[in-house]
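Reader: I am new to this structure and would like a close look at how its helices are packed into the rest of the protein. Please take me through that part slowly, in one connected account.

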Amino acid sequence: MGLRIAIPGLGNGNVDYYIRALAAAGCESVYVTPENRELYNDDEFDGLLLSGGPDVNPHRFGEENTGSWRIADALDDIEFSILDDFVEDGKPVLGICRGIQVINIYFGGNIYQHLPDFERHTGDRYIQGDGSGEGHYAEVKNHGFVNHEVYADNGSWLSHLYGTRLMTNSAHHQALKETAHDLRTDARCGEDGIVEAVHHKDLPVIGTQFHPERMCLENKSGELIDGLEIFREFARMCRKRAAE
């Protein structure tokens, strides 16, 4: 039987890239939404993938809104709830973009609500404006990715896959600020030191700020790493946990 991976969401997000990457790594994906949540028991899954998406409500890490936008409280609810179940069970978790931020917030860290040098990390154009009493928000125009160099710590799980210097894509305006006590930083952006990868010191939990699902299969590029290796590593983690 293949590995089954839960991907929580609201049913309106584009998870096709994640599903194809997981399938290429030997995993079956199940999209878990608030409408079908009660149909699934966490024991049925081998791992959890937290995908990219809108910003987490800053109240989750004890702040007012000073730069977050397109907040979806229902997505926060289902992701934090399912993450709690997987952490309690000690099952593998992979967080990507928003996902690494959810992981950091869950374990007690926080995030930059709007990077002062966000142009280094996204091809999007942001316009700051009043947020109707909820701080500031940003509107996206000309959505796209940029590429930059990442430095991985020698001996980290990421360096085992790619070495200590790698080129990745980037598409975000938020990032980890204070890393949670139980998380270890594995890689940083070469230009400004923004955290690009982490792992939990005791649990099978890893995360990347960049998007490996957009750097593999039909989107594989000679300039960038092959993101499929991260999904294969996640699958190895799930098989190891399932065998215990």
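What pLDDT does the protein average, and what share of the residues score at least 70?

Author: The model is a predicted one, and the protein averages a pLDDT of 92, with 91% of the residues scoring at least 70. Some caution belongs to residues 131–135, over which pLDDT stays under 50, and for this stretch the model has six contacts beyond four places in sequence.

With that in mind, we can begin with helix H1, which runs over residues 16–24 and in which Tyr 18, Ala 21 and Leu 22 are buried. These three residues lie on the same side of H1, because they cover an arc of only 100° around the axis. The general background is that an α-helix has 3.6 residues a turn, so residues three or four places apart point the same way. As for what covers the buried residues of H1, the list includes four strands, S1 (3–8), S2 (27–32), S3 (47–50) and S4 (93–96), together with helix H5 (228–243). After H1 comes Gly 26, whose phi is positive, near 90°.

Helix H2 takes up residues 73–89, and its 17 residues reach 24 Å from the first C-alpha to the last, which is close to the 24 Å expected at 1.5 Å a residue. Its buried residues are Leu 75, Asp 76, Ile 78, Glu 79, Phe 80, Ile 82, Leu 83, Phe 86 and Val 87, a list in which the charged residues Asp 76 and Glu 79 stand beside nonpolar ones such as Leu 75 and Ile 78. The buried residues of H2 pack against S1, S2, S3 and S4, and also against helix H3 (98–106), so that the strands S1, S2, S3 and S4 are named both here and in the cover of H1. Just after H2, Gly 90 takes a positive phi of about 70°.

The loop between S3 and H2 holds two residues that deserve a pause, Ser 51 and Arg 70. Ser 51 counts as buried, at 5% relative accessibility, and, not counting residues up to four places away in sequence, Ser 51 touches Tyr 18, Glu 79, Ile 96, Arg 98 and Gly 99. Among these partners, Tyr 18 is one of the buried residues of H1, while Glu 79 is one of the buried residues of H2. Arg 70, for its part, has a positive phi near 50° although it is a residue other than glycine. As a general matter, most residues other than glycine have a negative phi. Cys 97, placed in the loop between S4 and H3, also has a positive phi in a residue other than glycine, here near 55°, and Cys 97 is buried, with a relative accessible area of 8%.

Helix H5 comes next, and its 16 residues should span 22 Å at 1.5 Å a residue, which agrees with the 23 Å between its end C-alpha atoms. In H5 the buried residues are Leu 228, Ile 230, Phe 231, Glu 233, Phe 234, Ala 235, Met 237 and Cys 238.

The helices can now be placed within the nonpolar cores. In soluble globular proteins, nonpolar side chains tend to be buried together. The largest nonpolar core here has 34 residues, of which Leu 22, Leu 49, Leu 94, Leu 158 and Phe 231 touch the most other members. At least two residues of this core are supplied by each of S1, H1, S4, strand S8 (146–152), helix H4 (157–162) and H5, and the largest share, seven residues, comes from H5. Leu 158, leaving aside its neighbours within four places in sequence, is in contact with Ala 152, Gly 163, Leu 166, Ala 187, Ala 197, Phe 210 and Ile 230. A second, separate core of 29 residues includes Leu 50, Val 56, Phe 86 and Ile 103, and Phe 86 is among the buried residues of H2.

Finally, a search of the whole structure finds two aromatic pairs. Tyr 40 and Phe 45 form a tilted pair, because their ring centres are 5.8 Å apart and their planes stand at 50°; Tyr 40 is partly exposed at 24% relative accessibility, whereas Phe 45 is buried at 2%. Tyr 106 and Phe 107 form an edge-to-face pair, 4.9 Å centre to centre with 90° between the planes; here Tyr 106 is partly exposed, with a relative accessible area of 25%, and Phe 107 is buried, at 17%.

Note on methods: Residues are numbered from 1 along each chain as its sequence is written. This is a predicted model: local features need pLDDT of at least 70, side-chain atom pairs count only at pLDDT 80 or more; totals for chains, interfaces and linings use all residues. Side-chain values use heavy atoms; hydrogens and water are left out. Buried means under 20% relative accessible area, exposed over 50%, partly exposed in between (1.4 Å probe, protein chains only). The arc is that of the directions from the helix axis to the C-beta atoms. Contact means heavy atoms within 4.5 Å. A nonpolar core is a set of buried Ala, Val, Leu, Ile, Met, Phe, Trp, Tyr and Cys residues joined through side-chain atoms within 4.5 Å. The expected span of a helix is 1.5 Å times one less than its number of residues. pLDDT is the predictor's confidence in each residue, from 0 to 100. Rings of Phe, Tyr and Trp (its six-membered ring) pair if their centres lie within 6.5 Å; planes under 30 degrees apart count as stacked, over 60 as edge-to-face and the rest as tilted.
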